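Thank you all for coming. Please have the structure open while I talk, and stop me if a term is unfamiliar.

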Amino acid sequence: MLNLNQVVNILCYVRPWNVDQFRSLAKNIFSEASVECCSEHEAVDGVGLRATYYINLEGKSEMALKGVDMTSDDIRDMIARCRLLRKLPVAVAKKHLFAMAIAVKSILEERKPQIVLSTTVDSYIIDLLRYFSERMDIKFIALVPTFVNGYFRVTSRGEMSLNPQYDLSVISDLRHKLLDPLYSPAFNAKALSNPKAGVLKRWAANIARVPYFFAKRYITGDRYNYHYWASQLVAMEQFNAFLPSEPGNPSWEVELEKDSRPAIYIPLQMFPECTVDYWSEEVSVVDYYGVLERLIEKHHVAFNIFIKEHPSVMGARPAGFYKKIQNDARVTIIPTYTPSNLVLDRMQGVVVWTGTVGFESALRGKAVFTLCEPYYVCGKRFLKITENTDSKTMLSHVDAMGSIEVAIEEQEELLARLVQQLFQGVFKNNGTWSLDNMKDLEDAQTMAISLRPLLSS
């Protein structure tokens, strides 16, 4: 058990835009904490992670493999889930994975932190910190914002993690809030405030990222910096020479009314993104666009399929994606900025990987099909499927759920499972946190108070 007044060694994984945020949070949790930062960015790396990684790259892969205790399954899993490593030839990916693994392990052995504090796993570097922390009995605390405004979660790879002091008294208020058709998570507010400007900004920024991060890698000499390298490759994949136009069909409700088949809704998730890459138990479903295509092909005869873009993603998809789905007669595209909760009222079923629309759907009594085991799953509304699940099975689930009206008790049971995992406080994960912002400083204090029971237990 950690005493709140003892000197605790905390290692924070940071990047230049969140180093102050994590230092402030760590100091608010344990006032006497010894806080060090590790990063692939030299400017904020205080423990030599970057330097050790580059030294290790000079060694041979065989030597690197002997330096880490990882199974072949672990190696394959880490490569397949990382948006950078999976784009590289396997031998090259292994070389970088092993070099970083030795660096991470040696730093944990040398610095001996009791706690590693990070954002939720969204790269192979954080995944290695998680991996070795668990094997060395170090508390790995990974933070992520939630769709419930004013709360965050603690989760490494999307798994359920309980707050030792959860408060079920908020359930009633939360129920009314989340059932409001116009409710929207705070992280979508910017995208919804000026949709056209948001699309233009994302498109222009993506074009600029290709030459910018290429130059950044080679001019700075930091050729293998994860953030620079991954950003360049993802931007190249999502490069669109022309500004994408809204793919949605304004007459989607007409298409709904004139078709007698059950309507199922597939809300597009951000990709690449931790909620697909790392929160999916089966690594096979990380092939997001491939799985989406195969689901449409398998079920379009039995179901009237509707798809809608994520408001914070519009404009940031692979080249040709919007044109392809817009011309796909098997599906109907709902306009991007149609409130998702309004769409749910018109649907009989929803298909998600790990997206929170699945929870919102179950709360409204819909049949929910998940390709994973999301942290919020509770009750009879959910059916986990695979690519091999047949349409007959899905139709039966839709029929069964359609015949059972959702009761308040069922909604409260769903909310209780969610509330048990919520920690009070606003966790910003968008690089806007500032020491000069009093609200941000207050949020760090609130988060620290919320985390203390977990860290001292």
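Before I place any residue, I should say that the helices, written H, and the strands, written E, are DSSP runs numbered from the N terminus, with at least four residues for a helix and at least two for a strand. With those labels, aspartate 137 can be placed in the loop between H6 and strand E4, which covers residues 139-145. Please also keep in mind that what we are looking at is a predicted model.

Let me stay with aspartate 137 for a moment, since its backbone has a positive phi of about 55 degrees although the residue is not a glycine. Is aspartate 137 buried or exposed? Its relative accessible area is 73%, and because anything over 50% counts as exposed, aspartate 137 is exposed. Lysine 112, which sits in the loop between H5 and strand E3, residues 115-119, also has a positive phi without being a glycine, in this case near 50 degrees. Lysine 112 is exposed too, with a relative accessible area of 58%.

These loops lead us to the helices H5 and H6. The axes of H5, residues 90-111, and H6, residues 124-135, come within 9 Å and cross at roughly 45 degrees, and the two helices are therefore oblique to each other. The crossing of H5 past H6 is right-handed. On the H5 side the contact is made by His96, Leu97, Met100, Ala101, Val104, Lys105 and Leu108, while H6 contributes Tyr124, Ile125, Leu128, Leu129, Phe132 and Ser133. Sorted by class, this contact of H5 with H6 holds 10 nonpolar, two polar and one charged residues.

Helix H2 belongs in this part of the picture as well. In H2, residues 49-57, the buried residues are Leu49, Arg50, Tyr53, Tyr54, Asn56 and Leu57. Why do they lie on the same side of H2? They do so because they cover an arc of only 160 degrees around the axis. It may help to recall that an α-helix has 3.6 residues a turn, so residues three or four places apart point the same way. As for their partners, the buried residues of H2 pack against strand E2, residues 34-38, and against H5 and H6.

Now I would like to turn to another pair of helices. The axes of H1, residues 19-29, and H19, residues 438-455, come within 8 Å and cross at roughly 50 degrees, which makes H1 oblique to H19. This crossing is right-handed. From H1 the contact uses Ser24, Leu25, Asn28 and Ile29, and among the residues that H19 brings to it are Leu441, Ala444 and Arg452. By class, the contact of H1 with H19 has eight nonpolar, three polar and one charged residues.

Finally, let us look at the loop between H10, residues 226-237, and H11, residues 252-257, where glutamine 238 has its place. Glutamine 238 counts as buried, at 8% relative accessibility. Leaving aside residues up to four places away in sequence, glutamine 238 touches Asn206, Phe271, Pro272, Ala316, Arg317 and Pro318. Two of those names deserve a further word, since the peptide bond from phenylalanine 271 to proline 272 is cis, with omega near 0 degrees. Proline 272 itself is found in the loop between strand E6, residues 263-267, and helix H12, residues 274-277.

Phenylalanine 242 is also in the loop between H10 and H11, but phenylalanine 242 is exposed, with a relative accessible area of 71%.

Conventions:
Residues numbered from 1 in each chain as written. Predicted model: local features only at pLDDT ≥ 70, side-chain atom pairs only at ≥ 80, totals over all residues. Heavy atoms only, no water. Axes fitted to C-alpha atoms, helices over the stretch in contact; angles between N-to-C directions. Parallel < 35°, antiparallel > 145°, perpendicular 65-115°, else oblique. Left-handed = near helix turned anticlockwise from the far one by under 90°. Contact = heavy atoms within 4.5 Å. Nonpolar A, V, L, I, M, F, W, Y, C, P; charged D, E, K, R; others polar. Buried < 20%, exposed > 50% of the residue type's maximum accessible area, 1.4 Å probe, protein only. Arc of directions from axis to C-beta.
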